[in-house]
Amino acid sequence: MSTIGFIGLGQMGTPMALNLIKGGHSVKVFDINQDAVQQLVEQGASAATSPADAALDSEFVVTMLPNGTLVKNVILGENGVTTTLDKNALLIDMSTIHPLETDSLIKQMSELGFSMMEAPVGRTSEHAVRGELLIMAGGTKEQVERAKPLFACMGNETVDCGGAGKGIRVKIINNYMSIALNALSAEAATLSEAIGLDWETSMQVMSGTPAGKGHFTTTWPGKVLAGDLSPVFMVDLAHKDLGIALDLANQVNVPMPCGAAAREMYNLTRAAGRGRQDWTAVLEQLRVSSGLAPKVS
Ligand code: NAD
């Protein structure tokens, strides 16, 4: 069992620290909110008076804070973690911050002789309470191995993302997709209601199609990812159907900014001569338009 300094006891940090205590670890907690510290102390943590105090004699320090500026201040600022951190300890930032901030922090820590990795988390505070977070580990193989007993207390799935800075990058891509999909789904639900459909019925239909399931596991594997753009559903037909939906929305005054942007992607794909290819060609066209080497001819 390990000694752990835990900094940032908000919606996520509080249950995560609690699960480390339940896992038998010795946890010293710090937060600027004294009530949050007190709540953890009542459940078996000891209280730290500063980030430096939390790091003192700890084998691991975990940070779970709202943004990169705070993470940097807590680590490198006055009374920060680095003033007391043991050179053999491992600092794990589990916050969601900008990847360039992560890169810079890991570099600065390395230059000071400290070991740091990032391990942002997926899912919600409800999963944090149940110890069911998805942990996206970015670090060396040795760092990830070393942190695994802690991850096992806080989550039920750890993905080794393949090196320093990769965990936070996967996390940002994951959030980009689910956050953007939330807006696209809101458009579909609103249009559905505005044209008089029963939303339950629409959901029933869409939960069995790529609309509800996403493309990663449905349309892409057998086509574009397999290097095959022979059409099972043509770009031209997808473009036509998207146009009909946008026209309907226009008639009932439902704004469809995501759909309008998506139509430009199909226009781009058709303009590149891919109209009669499979609709998954949108991925290949965007890759090529972004300067990536073509994968499918
Ligand atoms: P939160 O705002 O509930 O908690 C942040 C905590 O940090 C607060 O208790 C605050 O007092 C503390 N804090 C702020 N400045 C501090 C400082 N200088 N020193 C010590 N403590 C300080 O946020 P949260 O929901 O727990 O999120 C934490 C991180 O986890 C964020 O980066 C967030 O993006 C990420 N995240 C959140 C969720 C979610 O569902 N809430 C899911 C995945 C990832």
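# Two domains and two helix pairs

Visitor: What makes this a chain of two domains, and how far apart do their C-alpha centres lie?

Guide: The C-alpha centres of domain 1 and domain 2 lie 40 Å apart. The chain is divided into domain 1 (3–164) and domain 2 (198–290), with bounds that come from an automatic or database domain assignment. This is a predicted model, in which local features need pLDDT of at least 70 and side-chain atom pairs count only at pLDDT 80 or more, while totals for chains, interfaces and linings use all residues. Residues are numbered from 1 along each chain as its sequence is written, and side-chain values use heavy atoms, with hydrogens and water left out.

Visitor: Which feature does UniProt place at residues 165–284, and what is the helix and strand content of that span?

Guide: The unreviewed UniProt entry places "domain: 3-hydroxyisobutyrate dehydrogenase-like NAD-binding" there, although such annotations may be inferred rather than shown by experiment. The span is 67% helix and 0% strand, where helices (H or I, at least four residues) and strands (E, at least two) are DSSP runs numbered from the N terminus.

Visitor: Why are H11 and H12 called roughly antiparallel?

Guide: Helix H11 (residues 235–251) and helix H12 (residues 257–274) pack at about 155°, with axes 10 Å apart; the axes are lines fitted to C-alpha atoms over the stretch in contact, and angles run from 0 to 180 degrees between N-to-C directions. Angles under 35 degrees count as roughly parallel, over 145 as roughly antiparallel, 65 to 115 as roughly perpendicular and the rest as oblique, so H11 and H12 are roughly antiparallel.

Visitor: Which residues of H11 and H12 meet, and what classes do they belong to?

Guide: With contact meaning heavy atoms within 4.5 Å, the residues that meet include Leu242 and Leu246 in H11 and Tyr266 and Arg270 in H12. By class, this contact has seven nonpolar, five polar and four charged residues, where Ala, Val, Leu, Ile, Met, Phe, Trp, Tyr, Cys and Pro count as nonpolar, Asp, Glu, Lys and Arg as charged, and the others, Gly among them, as polar.

Visitor: What makes H1 roughly perpendicular to H7?

Guide: The axes of helix H1 (residues 13–22) and helix H7 (residues 141–154) come within 8 Å and cross at roughly 115°, and that crossing angle makes H1 roughly perpendicular to H7. Met16, Asn19 and Leu20 in H1 meet Leu150, Cys153 and Met154 in H7, a contact that divides into five nonpolar, one polar and no charged residues.
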